[in-house]
Protein chains: 2
Amino acid sequence: MTARFDIAMHILTLLASAEGEYVQSDYIAGSMNINPVIVRKEISHLRNAGLVDTREGKNGGSALAKAAAKIRLSDVYEVVRGDSLLGRNKNKPNPDCAVGKQIGKHLEKLHADAEQMFVQGLKKTTLADFVKMFG
Amino acid sequence: MTARFDIAMHILTLLASAEGEYVQSDYIAGSMNINPVIVRKEISHLRNAGLVDTREGKNGGSALAKAAAKIRLSDVYEVVRGDSLLGRNKNKPNPDCAVGKQIGKHLEKLHADAEQMFVQGLKKTTLADFVKMFG
DNA sequence: CTTTACTGTAACAAAAATAATTACAGATAA
DNA sequence: TTATCTGTAATTATTTTTGTTACAGTAAAG
């Protein structure tokens, strides 16, 4: 995967710490040393998923759209999810080979099963749990 | 991740199907429609992990180094494992920010915990189980 | 021996994915 | 009505991944 999960978590952690205050993308970008546009893009995804609320215009910014205890890490994962955890499967195996012919669907199932277990694990932790770790 | 897990699985499935016969990298590459050098590279990793045995020279090729039932999918995953499942974490957050300062280590732990669960899941399936799915 | 048919691997090139930047439109508080 | 925000498209730069070429090393078979 990309760095998106970590970026999203960083954003959400800052919002959780701000306790309702609307935080600006420039501030967030400064905390992570990345470009504000990347922050806004990720916020846009988080917003589409109903995790954050944004105010435009002067004194604008973002805040959590619901309690940190209601945001599961699996929710975050879903937002940034890209390729399958076990790899990008765009192979075109040889259909004349008995194995090549059907391995695609078996690998797909394997990917799906493995990912589901993974997501189950992430469901157990909330943003609030994560933020609690900060001293 | 990359396509390496699927490539490794494809290789191992072919070897398992060959039941001890030594299979050549060109044949394997043909089954997957990829370059033989990539196959040899992956075989090299699988060999280092003790999963396959290779013979050089004429009539050479590779075979499983142990029974398919003794090869867990987690073993395969370990071989191809690259970045953490939740992303490549090479961020250098702002140390002047209370959150930025410590989020790195907390994310690392999160990555590690999540991955461990994932690997636990993969441990339950062996190459033999996977190959059984092929009709 | 010598030829032939393999594997191993380094070095390089191409392609794809990701991240960063620029530029500007739209929103809203003051 | 200006100053300060966000949204987003378009572009470029960077990094990662994949593929290729080239050639050395190994061993079977004649």
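What follows is a tutorial chat about reading a predicted model of protein chains with DNA strands.

User: Before I trust anything here, what average pLDDT does chain A have?

Analyst: This is a predicted model, and pLDDT is the predictor's confidence in each residue. For chain A the average is 94, and 99% of the residues score at least 70.

User: Which elements of chain A have the lowest and the highest mean pLDDT?

Analyst: Among the elements of chain A, helix α5 (residues 98-123) has the lowest mean, 92, while β2(A) has the highest, 98.

User: Okay, on to the DNA. How many residues surround DNA strand D, and which are the closest?

Analyst: Start by asking which residues have a heavy atom within 4 Å of the strand. For DNA strand D there are 26 of them, and the closest are A:S25, A:R47, B:I38, B:E56 and B:G57.

User: How do the atoms of DNA strand D within 4 Å of the protein divide between sugar or phosphate and bases?

Analyst: Sugar or phosphate accounts for 71% of those atoms, and the rest belong to bases.

User: Which base atoms of DNA strand D have polar partners, then?

Analyst: For this, look for pairs of N or O atoms within 3.5 Å. A base nitrogen of DNA strand D sits 3.3 Å from an N or O atom in the side chain of A:R40. There's also a base oxygen of DNA strand D at 3.3 Å from a backbone N or O atom of A:K58. Away from the bases, a sugar or linking oxygen of DNA strand D is 3.1 Å from a polar side-chain atom of B:E56.

User: Which elements give two or more residues to the surface near DNA strand D?

Analyst: Chain A brings α3 (36-48) and β1 (52-55), and chain B brings α3 (36-48). The largest share, five residues, comes from α3(A). By class, the surface near DNA strand D has twelve charged, ten polar and four nonpolar residues.

User: Now the other strand. Which residues are the closest to DNA strand C?

Analyst: Read DNA strand C with the same steps. The closest are A:I38, A:E56, B:Q24, B:S25 and B:R47, out of 26 residues that surround this strand. Of the DNA strand C atoms within 4 Å of the protein, 71% belong to sugar or phosphate, with the rest in bases.

User: What polar contacts do B:Q24 and B:S25 make with DNA strand C?

Analyst: The side chain of B:S25 has an N or O atom 2.7 Å from a phosphate oxygen of DNA strand C. For B:Q24, a polar side-chain atom lies 2.9 Å from a sugar or linking oxygen of DNA strand C. A:K58 turns up here too, with a backbone N or O atom 3.3 Å from a base oxygen of DNA strand C. The elements giving two or more residues to this surface are α3 of chain A, plus α3 and β1 (52-55) of chain B. Of these, α3(B) gives the most, with five residues. The class split near DNA strand C is four nonpolar, ten polar and twelve charged.

User: How do I read empty space, and how many cavities of 30 Å³ or more are there?

Analyst: The general idea is that rolling a probe the size of a water molecule over the atoms shows where empty space is left. Here the count is one cavity of 30 Å³ or more. The largest cavity holds about 30 Å³ of space, and its lining is A:D6, A:H10, B:N89, B:N91, B:P93, B:I103, B:G104 and B:L107. Two elements give two or more residues to that lining, α1 (4-18) of chain A and α5 (98-123) of chain B. With three residues, α5(B) gives the most. The lining divides into three nonpolar, four polar and one charged.

User: And how much space lies in the second largest pocket?

Analyst: About 290 Å³. Thirteen residues line this pocket, and the closest to its centre are A:R40, A:T54, A:R55, A:E56 and A:G61. Its lining draws two or more residues each from α3, β1 and β2 (61-64) of chain A.

User: Last one: what is unusual about phi at B:E19 and B:N33, and are they buried or exposed?

Analyst: Check the sign of phi, then the residue type and its setting. B:E19 isn't a glycine, yet has a positive phi of about 50°. B:E19 lies in the loop between α1 (4-18) and α2 (25-32) of chain B, and counts as exposed because its relative accessibility is 70%. B:N33, also not a glycine, has a positive phi of about 60°. B:N33 is in the loop between α2 and α3 of chain B and is partly exposed, at 48% relative accessible area.

Notes: Residues numbered from 1 in each chain as written. Chains lettered and ligands numbered in written order. Predicted model: local features only at pLDDT ≥ 70, side-chain atom pairs only at ≥ 80, totals over all residues. Heavy atoms only, no water. Polar contact = N/O pair within 3.5 Å; in protein donor to acceptor, adjacent residues only side chain to side chain. Helix = DSSP H or I, 4+ residues; strand = E, 2+ residues; numbered from the N terminus. Nonpolar A, V, L, I, M, F, W, Y, C, P; charged D, E, K, R; others polar. 1 Å grid on protein atoms, 1.4 Å probe; cavity = no way out; pocket = protein on both sides within 12 Å on 5 of 7 lines; lining within 4 Å. Points joined across faces, edges and corners; volume = space filled by probe spheres on them. pLDDT = per-residue confidence, 0-100. Buried < 20%, exposed > 50% of the residue type's maximum accessible area, 1.4 Å probe, protein only.
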